[in-house]
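Student: I'd like to learn how to read a helix and the core it packs against. Can you walk me through one?

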Amino acid sequence: MNSVISNNPLFAPHLLGTPRLSPSRSDNFGGGERMSGRKRKASDDDQDERMSASPSASPSTSSRSLPHAFAHRSFKRTRTAVSTGRPLDLPRLLETLSADEMRNLLQNICDQNPAISHEVVTKAPRPSVESTLAVLHKYESTFKQAFPFGNRPSSDYTYNRVHRPMMQLIEALRDFTPHFLPPNEPQPTVTLAYLDAVTQIIHGIPHWDTYQHNRPTHEAYDELSHAWALAIHEGAKKGGGFHLQYSGWDQKLFKHNEDSGGKMQEAVNEMRASIGWAGPSTQSPPPSAPTDDRASIRQQILSGTYGQDLPVGAGRW
């Protein structure tokens, strides 16, 4: 039977009861299976690498990559879009104002709100002699620049040209002077320093040809003379007034009285009453000073000539 079947070429080999595979076929089959296994492993590794490179491969990988992206975006500076115009803030607005604009603005606000005006007056820094004189010198400069060229400084034409700035100077002086008088100013030296400077400013106003034109200047001298007398009276209460003469205020006052034509006699009289004889006067000659006599005697003693003009026995023990 087996021989018949084996000899029959039309008979299929797989119909045999015990089919047997050839060694080469079995080897190829097993080797191919192992080869396919290795290929699958390589493909799996490639797939794992692609999955690890992709941010959406696994939840753990995406969770690690997201904070880095957020951190990178958090350092970016966002630009503010200017959609519409708006007014400047107060600090920036104040930076653009000049001194005159700031002064006018504050003056208008204080005029409309008395409470704010009181706050400004009480909280503003106290004006010093230097700052006040700087303002007065500006008025003085405007006054001097108004003088016309080629005309007498005391003529009526010149007076008409400079009348307005002259009155502005005098009015400013009148407004500032009470601030430096006692009791508002407790230091006599500060008061005298201010009065010395502003009196010199008044000396710069010409004596006009028309008598009536000199009235504002005469009134200014009278007010300054009274202010000097008040400052001297208060200053004499401290140390008996010796610092007035020691600092040379007496000589400065006498010079001012001379330059004003004797219009500050009230202040001169107060100075004499406060410290005794204090210098030359425009009305009467000064008495001999005891200090001068002592200085002369000391000089004679040092030179060895003391007592030569005295009779015998006079002035000796």
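Tutor: Let's go from the overall fold to one helix and then to the core. Keep in mind that this is a predicted model.

Student: How many helices and strands are there in the protein chain?

Tutor: The protein chain has 14 helices and zero strands. Of its 317 residues, 26% count as buried. For contacts between residues at least 6 apart in sequence, 60% join residues at least 24 apart.

Student: Okay, now one helix. Which residues of helix 7 are buried?

Tutor: General idea before the case: an α-helix has 3.6 residues a turn, so residues three or four places apart point the same way. In helix 7, the buried ones are V129, T132, L133, L136, E140 and F143. They sit on the same side of the helix, because they cover an arc of only 90° around the axis. Exposed residues E130, K138 and Q145 are on the face turned away from that buried side.

Student: And what covers the buried residues of helix 7?

Tutor: The cover includes helix 8 and helix 9.

Student: Which residues touch the most other members of the largest nonpolar core?

Tutor: In soluble globular proteins, nonpolar side chains tend to be buried together. Here the largest nonpolar core holds 39 residues, and Y194, L195, V198, W228, L253 and M271 touch the most other members. Helices 7, 8, 9, 10, 12 and 13 each supply at least two residues of this core.

Student: What is Y194 in contact with, leaving aside its neighbours within four places in sequence?

Tutor: Y194 contacts V129, T132, L133 and L136, along with L173, F176, T177 and F180.

How values were computed: Residues numbered from 1 in each chain as written. Predicted model: local features only at pLDDT ≥ 70, side-chain atom pairs only at ≥ 80, totals over all residues. Heavy atoms only, no water. Core = buried A, V, L, I, M, F, W, Y, C linked by side-chain atoms within 4.5 Å. Buried < 20%, exposed > 50% of the residue type's maximum accessible area, 1.4 Å probe, protein only. Helix = DSSP H or I, 4+ residues; strand = E, 2+ residues; numbered from the N terminus. Contact = heavy atoms within 4.5 Å. Arc of directions from axis to C-beta.
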